[in-house]
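Biologist: I am new to this structure and would love a guided tour. Could you bring it up so that we can talk it through?

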Amino acid sequence: MTSAHIDEHLLIGYCELSVTAATAAAIEAHLMTCADCRVGLGAVTAVAPESSGELEQMWDEILQRVDRPRLSISERLLGSIGVRESTARLLATTPALRLAWLVAVAMVAAFAVAADVLDGDLPWLLLVVAPLLPLFGVATAFGPALDPTYEISVAAPLSGLRLTLIRTVGVLATTMPVLLVASIAAPGTGWTSLGWLLPALALVSVTLALSSWIAPERAACAVGFAWLVALVVLIHRNAAGDFISTSMIFAPSGQLVTAVVAVAGAAVVAARKHRFDLMIVTGAPT
Amino acid sequence: MTTKTIARVELDQVTKRYGKTVAVDGVSLSIEAGITGLLGPNGAGKTTLLRILATVLAPDSGDVELLGRSTAAADDRLQIRRRLGYVPQEPGFHRQFSAFDFVDYVAVLKLITDRRVRHDEVRRVLDLVGLTSVMHKRIRQLSGGMRRRVAIAQALLGSPELLVLDEPTAGLDPEQRLRFRELLSTAAGGATVVLSTHQTEDVAALCQRVVVIHGGVVRYDGTPTGLAALAADRVWLSEERDPRAQLAWMTGDGLVRHVGEPPPGARIDEPRVEDGYLLLVGASVLQESS
């Protein structure tokens, strides 16, 4: 290094990180005040592609770390159980993955169980209510009314059915454990308190199938209403016996029927999978 | 260096109905690379047509071919979407997302799954729209103009060959609109851009071609200059409002500008794009605004 400007060999050494820390510090101090040497550094970097490549790589690393977006709690939790980062990003927008939804589900289930405990030895309220909870979770997971990015999502190359199923699995994965815990706490013997499980899957499956024609929130409302009407009609027609036998749906034969309905719904979804790639228009045309 | 195929849009007798309402009625268009503007009053069928171009809506009848592929086939539709950018009329955002998060989310939808590649691409498009400094701010904290730019940024992911923009300048102030013009003319590159707007100035400034749609039907298809020329010798100025004019309004310099059949000896003025547009759809525009 001359007293006026930094020697070119030193600049190359600086770029290649081969000078001592003290020399590097002296060079940096000089570069701060000398425009000519900064130009010289630029010229040296230009003729030293290996070192400039290293610098670029270092800069890229820094950028990746500093500019990395902060992941939401749900994304971090999903990542910790092995869900791919890109899938977690898709799931993060699902309302059913938010704490508020989980608290709501837990409260509804707790009230149902409490009412059943006070009422007698059958978990009838839990059996009626539990299938509706994942149903409405699914209804809010996608669709034109509740997903603000719906139209952009439909125009994207990711399959609409895949996005729908990813979010449906997300809803089921968060809602079902809460309901299972409620079932353990509910009155009843054997598998009785788990009688809601197959109807829940059937209702979700039919809702998904209907969502290939109409908006999912409308489909969920229609299916939920049909579920309640079916229970009332069956109980009214079969006046004798307890809730399980009069409602029929929670008896073994009824469970078989709900399983068939679940499979049939899934078959319709598979048959109409490309319909999920097109928009369901709910507003006025323009 | 690889050469991209020339982006094209081909519509043949495309019709879309909502119940008894015919939103798009037998539209046939062939659009080459460059910027094409769709002009038309509210309810003219612009958004429906753009949704069809964005492949999110299927027409009831007619053929749509984008980038050499038919939108009727599911596999072809997927291939088109890989090369398509779309800004809907009212782009929504998830409340908890920052600008970066939102564009990153759309990048996942666009199947850019490698995180590093995706993040680099997200930074690139946010830089293109000038949002680097606020990219980690939550979207709800951004101004309306910035949100529009976020929406445009997501459409630019992957340097699409076909850009479909539904009223991209809605809600932008004059300076932001100028910035948008600059952005689009640089970011669009050699792509085919189809945009709808109510701003005739945008069409005149940006578009090589303009299509006027009204009642679901194409009423004009040509250059902005040609649209202005429709009003040649049919625009005049006077001190008083002339009741024979099809349309008349007071200008900033105190004169009344008329569009229609001028009376003998009228002071003829230079026609603009908006004059030609108003001649085509003027009566219905007046009815809507009254």
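Modeller: Gladly! This is a predicted model, and a good place to start is Asp12(B), which stands opposite Asp63(B) in β4(B).

Biologist: Which strands of chain B pair over five bridges, and in which sense?

Modeller: Asp12(B) and Asp63(B) give us one facing pair, and Leu11(B) opposite Val64(B) in β4(B) gives another. These residues lie in β1 (residues 9-18) and β4 (residues 61-66) of chain B. The strands that pair over five bridges are β1(B) and β4(B), and the sense is antiparallel.

Biologist: What residue is the bridge partner of Val9(B) in β2(B)?

Modeller: β1(B) also pairs with β2(B), in the antiparallel sense over seven bridges. The two strands form a hairpin with two residues between them, and Gly19(B) in the turn has a positive phi of about 65°. In β2(B), the partner of Val9(B) is Ile31(B).

Biologist: Which strands stand at the edges of that sheet?

Modeller: The sheet is open and has four strands, in the order β2-β1-β4-β5 of chain B. An edge strand here has a single partner strand, so one of its sides is left without a neighbour in the sheet. Those at the edges are β2 (21-31) and β5 (69-70) of chain B.

Biologist: Chain B has an open sheet of six strands too. By what angle are its neighbouring strands turned against each other on average?

Modeller: Its order is β6-β7-β8-β3-β9-β10 in chain B, with mixed pairing. β6 (84-87) and β10 (217-222) have a single partner strand each, so they are the edges. With direction ignored, the average turn between neighbouring strands is 15°.

Biologist: Which helix lies across β6 and β7 of chain B?

Modeller: Let's begin with the strands: β6(B) pairs with β7(B) (residues 162-166) in the parallel sense over four bridges. Within this pair, Tyr86(B) has Val164(B) as its bridge partner. The helix across them runs at about 160° to β6(B), and it is α5 (residues 144-155) of chain B.

Biologist: Which helix gives the largest share of the largest nonpolar core?

Modeller: Nonpolar side chains tend to be buried together in soluble globular proteins. The largest nonpolar core here has 145 residues, and Val164(B) is among those with the most contacts inside it, along with Leu126(A), Val103(B) and Leu126(B). The largest share of this core is ten residues, from helix α12 (residues 197-210) of chain A.

Note on methods. Residues are numbered from 1 along each chain as its sequence is written. Chains are lettered from A and ligands numbered from 1 in the order in which they are written. This is a predicted model: local features need pLDDT of at least 70, side-chain atom pairs count only at pLDDT 80 or more; totals for chains, interfaces and linings use all residues. Two strands pair if DSSP finds at least two bridges between them. Axes are lines fitted to C-alpha atoms, for helices over the stretch in contact, and angles run from 0 to 180 degrees between N-to-C directions. Two residues are in contact if their C-beta atoms, placed from the backbone, lie within 7 Å. A nonpolar core is a set of buried Ala, Val, Leu, Ile, Met, Phe, Trp, Tyr and Cys residues joined through C-beta atoms within 7 Å. A residue is buried if 20 or more other C-beta atoms lie within 10 Å of its own, exposed if 12 or fewer, and partly exposed in between; C-beta atoms are placed from the backbone.
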